[in-house]
Amino acid sequence: MKKILYLYLMLGLMVVNNSCQKNDMPLYLPGDMIHGSLHACRNGDDWVASGWAKRYQTDRNFFHVRGNTFTDYGALREDFIISYIPLKKGKYAIDGDENSIYANTGHLYSYYGTFADDGDVAGDIYYLRKHPKSCIEITHLDTLTNKVEGEFEVYLEVEAPKRGEQNADKLCFKRGRFSVDIIE
């Protein structure tokens, strides 16, 4: 009986572990980070991106957080965004659909894209994968100095067909944190 329980436990751990397994997704440089940074464990690797936040012109009570990475010669390689975050402290589920990135549907959304060549050629696009742990928490907000800090966890899935063989089918950003300026 103990062997069967042990087998089920090990099988369960393998399933949980494989839901965000490490793979060889390329890592790039964060850039100048003049307006802040994002840090996360992306598919098992330490990921760092230059970052910033920006309020929406159509509704100043919401903003998005964005992170980019670059090649050593400055070409854009990754664009990561969490959109329509309420401009107040709190923890929020990221549970919108792809329309949420363009219009405030009342749901937060996340998106990720890769780029090639000198940063102007679109690569793979990753859309939000519905996951109960996808969330963002605003832990510090100062609208006088335009600074925002927080934590996030996001699960994404590549749009088929995948263009870059080196890219993962699924991405998970765990233990994410950010400290960025809100630029106007």
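**Aromatic pairs and strand pairing in a predicted model**

Phe152 has a relative accessibility of 4% and therefore counts as buried. I begin with this residue, colleagues, and I shall return to its partner shortly. Please bear in mind throughout that the model before you is predicted.

Let me first set out the chain as a whole. It contains 1 helix and 10 strands, and their order along the sequence is α-β-β-β-β-β-β-β-β-β-β. The chain has 184 residues, of which 45% count as buried. If we take the contacts between residues at least 6 apart in sequence, 56% of them join residues at least 24 apart. The exposed surface comes to about 10,400 Å², and 54% of it is supplied by carbon and sulfur atoms.

I turn now to the aromatic residues. How many aromatic pairs does a search of the whole structure find? The search gives 10. In one of them, the ring centres of Phe80 and Phe173 are 4.6 Å apart and the planes stand at 35°, so this pair is tilted. Phe80 belongs to strand 4 (residues 76–86) and Phe173 to strand 10 (residues 170–183); with their positions 93 residues apart in sequence, the pair links distant parts of the chain. Are these two residues buried or exposed? Phe80 is at 0% relative accessibility and so counts as buried; Phe173, at 0% as well, also counts as buried.

That brings us back to Phe152. It forms an aromatic pair with Phe178, with 6.4 Å from centre to centre and 35° between the planes, and this pair is tilted. Here too the pair links distant parts of the chain, for Phe152 lies in strand 9 and Phe178 in strand 10, 26 residues apart. Phe178 has a relative accessibility of 5%, which is why it counts as buried. The four phenylalanines just discussed are members of one aromatic cluster, made up of Trp47, Phe80, Tyr112, Tyr126, Phe152, Phe173 and Phe178.

Two members of that cluster, Tyr112 and Tyr126, lead us to the strand pairing. Tyr112 stands opposite Tyr126 of strand 7. Strand 6 pairs with strand 7 (residues 121–128) in the antiparallel sense, over 5 bridges. The two strands form a hairpin with 4 residues between them, and in the turn Asp117 has a positive phi of about 55°. On strand 7, Tyr126 also stands opposite Val158 of strand 9. Strand 7 and strand 9 (residues 147–158) run antiparallel and are joined by 3 bridges.

Within strand 6 (residues 109–116) I would draw your attention to Thr114. Its relative accessibility is 8%, and it therefore counts as buried. The side chain of Thr114 reaches the backbone nitrogen of Asp124 at 2.6 Å. Leaving aside residues up to four places away in sequence, Thr114 touches Met25, Arg77, Val121, Ala122, Gly123, Asp124, Tyr126 and Asn167.

Finally, let us consider Lys91, which is placed in strand 5 (residues 90–93). Lys91 has a relative accessibility of 59% and so counts as exposed. Its C-alpha atom is separated by 5.8 Å from that of Ile136, although the two residues are 45 apart along the chain. With residues up to four places away in sequence again set aside, Lys91 touches Cys135, Ile136 and Glu137.

Thank you for your attention.

How values were computed. Residues numbered from 1 in each chain as written. Predicted model: local features only at pLDDT ≥ 70, side-chain atom pairs only at ≥ 80, totals over all residues. Heavy atoms only, no water. Buried < 20%, exposed > 50% of the residue type's maximum accessible area, 1.4 Å probe, protein only. Polar contact = N/O pair within 3.5 Å; in protein donor to acceptor, adjacent residues only side chain to side chain. Contact = heavy atoms within 4.5 Å. Pairing = 2+ DSSP bridges. Phe/Tyr/Trp six-rings, centres within 6.5 Å; stacked < 30°, edge-to-face > 60°. Areas by Shrake-Rupley, 256 points an atom, 1.4 Å probe, with all protein chains shown as cover.
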